[in-house]
Amino acid sequence: EVEGMEIGQVVIGSSANPGVRDFWTAGAIVKGKATREEVSFDINPTSRQLIQNLIANKGFENLIAAGARFHQSGCMGCIGMGQAPASDTISLRTMPRNFPSRSGTEDDQVYLCSPETAAASALTG
């Protein structure tokens, strides 16, 4: 149903349970590539310890080199506090929560997905 729809944002992570695997996998998918210019690719790390692990295993480097923007650890995008998508655009998120307007945008179009789908979509738009 959603194949071919253009997206404006991808957010990977939240404060609620994503582990190193989610971020490392996304980093491996985008390694050596660049995300689409019109896609906001946002990384919401779970904790400071996770950030340190991503630095050690090159996951951080791969995401940043591909065009990702890292945000402070915490609830942030899950509760519409930062990382709110633009109006009338599609946002793909790996967060475990999705309610109307929860993203911080009244007319949000948020789809939940896996880190793999999120990373691939950031590359293709």
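How many nonpolar, polar and charged residues are in the lining of the largest pocket? The lining has 8 nonpolar, 5 polar and 1 charged residues, where Ala, Val, Leu, Ile, Met, Phe, Trp, Tyr, Cys and Pro count as nonpolar, Asp, Glu, Lys and Arg as charged, and the others, Gly among them, as polar.

The model is a predicted one, in which local features need pLDDT of at least 70 and side-chain atom pairs count only at pLDDT 80 or more, while totals for chains, interfaces and linings use all residues. Residues are numbered from 1 along each chain as its sequence is written, and side-chain values use heavy atoms, with hydrogens and water left out.

A good place to start is the sheet. This open sheet has 5 strands in the order β3-β2-β1-β4-β5, with parallel pairing. Because β3 (69-70) and β5 stand at the edges with a single partner strand each, one side of each has no neighbour in the sheet. Strands (E, at least two residues) and helices (H or I, at least four) are DSSP runs numbered from the N terminus, and two strands pair if DSSP finds at least two bridges between them.

Strand β1 (residues 9-12) is joined to β2 (residues 40-43) by 4 bridges and to β4 (residues 90-93) by 3 bridges. Val10 has Phe41 as its bridge partner in β2 and stands opposite Leu92 in β4, whereas Val11 stands opposite Arg93. Gln9 and Val11 point one way from β1, and Val10 and Ile12 the other way. All four of these residues are buried (under 20% relative accessible area, against over 50% for exposed and in between for partly exposed, with a 1.4 Å probe and protein chains only).

Val10 and Ile12 also belong to the largest nonpolar core, which has 21 residues. Such a core is a set of buried Ala, Val, Leu, Ile, Met, Phe, Trp, Tyr and Cys residues joined through side-chain atoms within 4.5 Å. Helix α4 gives the most to this core, with 4 residues. Leu63, listed among the core residues with the most contacts inside it, is in contact (heavy atoms within 4.5 Å) with residues including Phe23, Val30, Phe41, Ile43 and Phe70, leaving aside neighbours within four places in sequence.

Helix α4 (115-124) returns at the pocket, where β4, β5 (109-112) and α4 each supply at least two lining residues. The helix α4 gives the most to this lining, with 3 residues.
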